[in-house]
Amino acid sequence: MGFREKDKYEKGDLVLVDDQKGFRELVIIISPKIPMYHRAYEFYQVCSVCVGEIYIVPCRLVVGEYSETKNV
């Protein structure tokens, strides 16, 4: 198991969100761009895999996309 960083995450990506203050959750990206009042897209709408809650999180909190590493 590992996480790889991407510049932009797309709908359906399985990613880890971590705020470095105790909130850490595996989520699926629902919407890759949430416009704010200043028209910048700095947030993702995500759905928690564990509890099924929907959150809006800042892009900077997304650590990386989940990827399985296979031993050869």
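# A tour from Gln20 to Glu25

Start by selecting Gln20 and Asp18: a polar atom of the Asp18 side chain lies 2.9 Å from the backbone nitrogen of Gln20. The model on screen is a predicted one.

Stay with Gln20 for a moment. This residue sits in the loop between S2 and S3. Its phi is near 65°, a positive value in a residue other than glycine. Is Gln20 buried or exposed? With a relative accessible area of 66%, Gln20 is exposed, because exposed means over 50%.

Now select Asp18 alone. Asp18 belongs to strand S2. Its relative accessibility is 13%, so Asp18 counts as buried, the cut-off being under 20%. Show the side chain of Arg24 as well: the side chains of Asp18 and Arg24 make a polar contact at 3.5 Å. Which residues touch Asp18, once its neighbours within four places in sequence are left aside? They are Phe23, Arg24, Leu61 and Val63.

Next, colour strand S2, residues 14-18, and strand S6, residues 62-67. The two run antiparallel and are joined by 3 bridges. To see one facing pair, select Val17 and Val62: Val17 stands opposite Val62, which is in S6.

Zoom out to the whole sheet. How many strands form the sheet, and in what order? There are 6 strands in an open sheet, ordered S1-S6-S2-S3-S4-S5, with antiparallel pairing. At the edges are strand S1 (2-4) and strand S5 (54-58), each of which pairs on one side only. On average, neighbouring strands of this sheet are turned by 50° against each other, direction ignored. In general, strands of a sheet pair through backbone hydrogen bonds, either parallel or antiparallel.

From the sheet, go to strand S3, residues 24-31, and pick out Glu25. Glu25 is buried yet has no salt bridge. Where is the nearest side chain of opposite charge? That side chain is Arg24, and it is 10 Å away from Glu25. Arg24 is the residue already displayed with Asp18, whose side chain it meets in a polar contact.

Add Ser48 to the selection. The side chains of Glu25 and Ser48 are joined by a polar contact of 2.2 Å. To finish, display the rest of the surroundings of Glu25. Not counting residues up to four places away in sequence, Glu25 touches Val15, Leu16, Val17, Ser48, Cys50, Val51 and Tyr55. Among them is Val17, the residue seen earlier opposite Val62.

Note on methods. Residues are numbered from 1 along each chain as its sequence is written. This is a predicted model: local features need pLDDT of at least 70, side-chain atom pairs count only at pLDDT 80 or more; totals for chains, interfaces and linings use all residues. Side-chain values use heavy atoms; hydrogens and water are left out. Helices (H or I, at least four residues) and strands (E, at least two) are DSSP runs, numbered from the N terminus. Buried means under 20% relative accessible area, exposed over 50%, partly exposed in between (1.4 Å probe, protein chains only). Lys and Arg count as positive and Asp and Glu as negative; His and the chain ends are not counted. A salt bridge is a side-chain nitrogen of Lys or Arg within 4 Å of a carboxyl oxygen of Asp or Glu. A polar contact is a pair of N or O atoms within 3.5 Å; within protein, one must be able to donate a hydrogen and the other to accept it, and residues adjacent in sequence count only if both atoms are side-chain atoms. Contact means heavy atoms within 4.5 Å. Two strands pair if DSSP finds at least two bridges between them. Axes are lines fitted to C-alpha atoms, for helices over the stretch in contact, and angles run from 0 to 180 degrees between N-to-C directions.
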